[in-house]
Amino acid sequence: MLSKSQARAFFLGGTVVTFLIFIGLTIYSFQPKNDQTNHHQIDANVIRGKQIWEANNCMGCHTILGEGGYYAPELTKVIERRGEGYVKAVLQSPIPWGPRGRKMVKYEMNDEDTEAVIAYLKWIGNIDLNGFERVVSPLAKDKE
Amino acid sequence: MKYKSQKVAYWFFGLCMLLFALQIVYGFIMGFARIGWDGLHNVIPFNTARAVHTNLLVVWLLTGFMGAAYYIIPEEAQRELVSVKLAYVQLISLALVGVAAIVGYHFNHWEGRKFLEIPRELDYLVVVNVLLFLGLILATLFKGKRKTTTALVLTMGLVFAALLYLPGMIWFDSQVMDSFFRWWVVHLWVEGVWELIMGGILSYLLIKLTGVDREVIEKWLYVIVGLTFLSGLLGTGHHYYYIGVNKIWLIVGGIFSALEPLAFLGMALFAVYMYRKGEKSHPNKIALFWTIGASIVSFIGAGLLGFAHTLPQTNIYTHGTLVTAMHGHYAFWGAYAMIVLAIISYALPNVTGRKRYDKTSGHMAFWLSNIGMLGMTVAFGVAGVAQVYMERKMKMEFMEVQNEISIHFVVLLLCATLFATGILLYILEFIKYGRPTDEALEVKSY
């Protein structure tokens, strides 16, 4: 029968081994040769876009890369789906955007901020998501 | 109650009740918004309500864990807390940071990162607050007459929880790296170190409520927390399938997260077996209900419902849908909310000296909240599966789908009303117990 010291060794040993593997896999994932995000394309505009995204807690309603609030549409590939003009109109709308009744916060963004958010969304749209990009709804190319 | 300083726990539990009630109010605001009743949109838009709802959850659970530690550690270490005054300072500062964060969310002041919305300047205050808390607990433990496994596991969970807050404070230019390390905080909290805290509290409650030998209970505690880390650490990979990192996580995350239910199954079997094995008939039946309930519901919510969408082949469709909300609600309820309510139910008679065991309202609180939460989970589940099918298979537009599934949110609101009634009864029972008193030291605690 298992003794208490064996149980403790199982806990400590298992934790240390899996922790080391976890750290190893993390380092492996972020090696440049394994980059799936086009990291080199992150410029000042994309960074500014991310800052605006976070400052307004867009993730509190929308999802991006499948993460967020599930209250408003997924924005991965939104530029490909809707086009820049549509996204610009939403961000600069003087009244709360509310297609089909669900309201968005009114942001009335200026041109500079709008361009930054679009640059950020474009960068997101080019990430290799291991197949999720083909499933995430509703991609025009899958409708054909 | 054996030590005077254990009374501090009562005030932490009181703050828990307040924050929990407020969390439910914001949950209703979100529920009503989903069926189109968004009259508060201009004051409390959905993203504000959501940030408040989820952050209040985290804060009230942490407050509950802290209260549990202030109650358990003196008894386990067999000495008074090193400083009661500082514990009160810690409580008040925690409440102030929480209030400041929540008020800020209503004025667009946040970091906008799911679950970690607290703005940076308050992050630093959180760190100071937690350091003070850990200092008090560790000093008490260090100066204590004994160091039990239960106390060590509980303290280890609290220390790791504090350390893991740090990766969430690093700024990344890349959304992918941001998400990757955000899960170091969120996943490794809820599917890692918080389980240590849960295990520690569960172990303490089982020792007290069942009378089973401490050595037996603590041996199995090691096995369970061992299983937790063995599966949970690499199980983090299930958050990495589709966020833009290497495919290796599909394999590693798939295998290890599929093993995660084992820890929760172990926890459920452990609690039920110890209850059956125990010869002690403890009079505090309500605490026993919450304790055994927590172990079983956490297995269903965190274990089984997590497993339901954890394999990459399933998750590719369910990722980013209401299926996650289904799992999230029942998992948090079973694993963490119920264990906090269990320790409160156990501690209240002991710190107040009033033995309101087995009151009908206490049992009603247990059953109504549990039935209500089960109903909410089913409503989220049905809405989520319908969403997956319509949006991801039939390629319907997001809002078209949301209108189709809105009926499930009517059901959700009805079940939430049942749940809220249960919690209201629990809070009323908490109030009826009255304040803690030194006279409780003379009353025999079980």
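How much space lies in the second largest pocket? Keep that one in mind for Exercise 3; here's the groundwork. We're working with a predicted model, in which local features need pLDDT of at least 70, side-chain atom pairs count only at pLDDT 80 or more, and totals for chains, interfaces and linings use all residues. Residues are numbered from 1 along each chain as its sequence is written, chains are lettered from A and ligands numbered from 1 in the order written, and side-chain values use heavy atoms, leaving out hydrogens and water.

**Exercise 1. Describe the overall build of chain B.**

Step 1: start with the elements, taking helices (H or I, at least four residues) and strands (E, at least two) as DSSP runs numbered from the N terminus. Chain B has 13 helices and 0 strands.

Step 2: check the compactness. The radius of gyration is taken over C-alpha atoms, and the globule rule is 2.2 Å times the number of residues to the power 0.38. Chain B comes out at 21 Å, close to the 22 Å given by the rule for 446 residues, so it is as compact as a globular protein of that length.

Step 3: add the dimensions and burial. The C-alpha trace spans about 65 × 45 × 45 Å along its principal axes. Buried residues (under 20% relative accessible area, with exposed over 50% and partly exposed in between; 1.4 Å probe, protein chains only) make up 67% of chain B.

**Exercise 2. Work through helices α11 and α9 of chain B.**

Step 1: get the expected span, 1.5 Å times one less than the number of residues. For the 31 residues of α11(B) (322-352) that gives 45 Å, and the end C-alpha atoms are 42 Å apart, which agrees. α9(B) (285-308), with 24 residues, reaches 33 Å, close to the expected 34 Å.

Step 2: look for bends, each being the angle between axes fitted to the seven residues ending at a residue and the seven starting there. α11(B) kinks by about 40°, centred on W333(B), while α9(B) bends by about 25° at S298(B).

Step 3: check the burial. In α11(B), 28 of 31 residues are buried. For α9(B) the count is 17 of 24, so this helix is largely enclosed by the rest of the structure.

Step 4: zoom in on Y330(B), which sits in α11(B). Y330(B) is buried, at 5% relative accessible area. Its C-alpha lies 7.0 Å from that of A302(B), 28 residues away along the chain.

Step 5: see what follows the helix. Just after α11(B), G353(B) takes a positive phi of about 75°.

**Exercise 3. Characterise the second largest pocket.**

Step 1: set the terms. On a 1 Å grid over the protein atoms alone, a pocket is an open set of points with protein on both sides within 12 Å along at least five of seven lines, and lining residues have an atom within 4 Å of a point. Volume is the space filled by probe spheres set on the points.

Step 2: the volume is about 570 Å³.

Step 3: find the lining. There are 36 residues, with L62(B), V126(B), V130(B), Y165(B) and W189(B) nearest the centre. α2(B) gives the most, with 8 residues.

Step 4: sort by class. The lining has 33 nonpolar, 3 polar and no charged residues.

Methods: 1 Å grid on protein atoms, 1.4 Å probe; cavity = no way out; pocket = protein on both sides within 12 Å on 5 of 7 lines; lining within 4 Å. Nonpolar A, V, L, I, M, F, W, Y, C, P; charged D, E, K, R; others polar.
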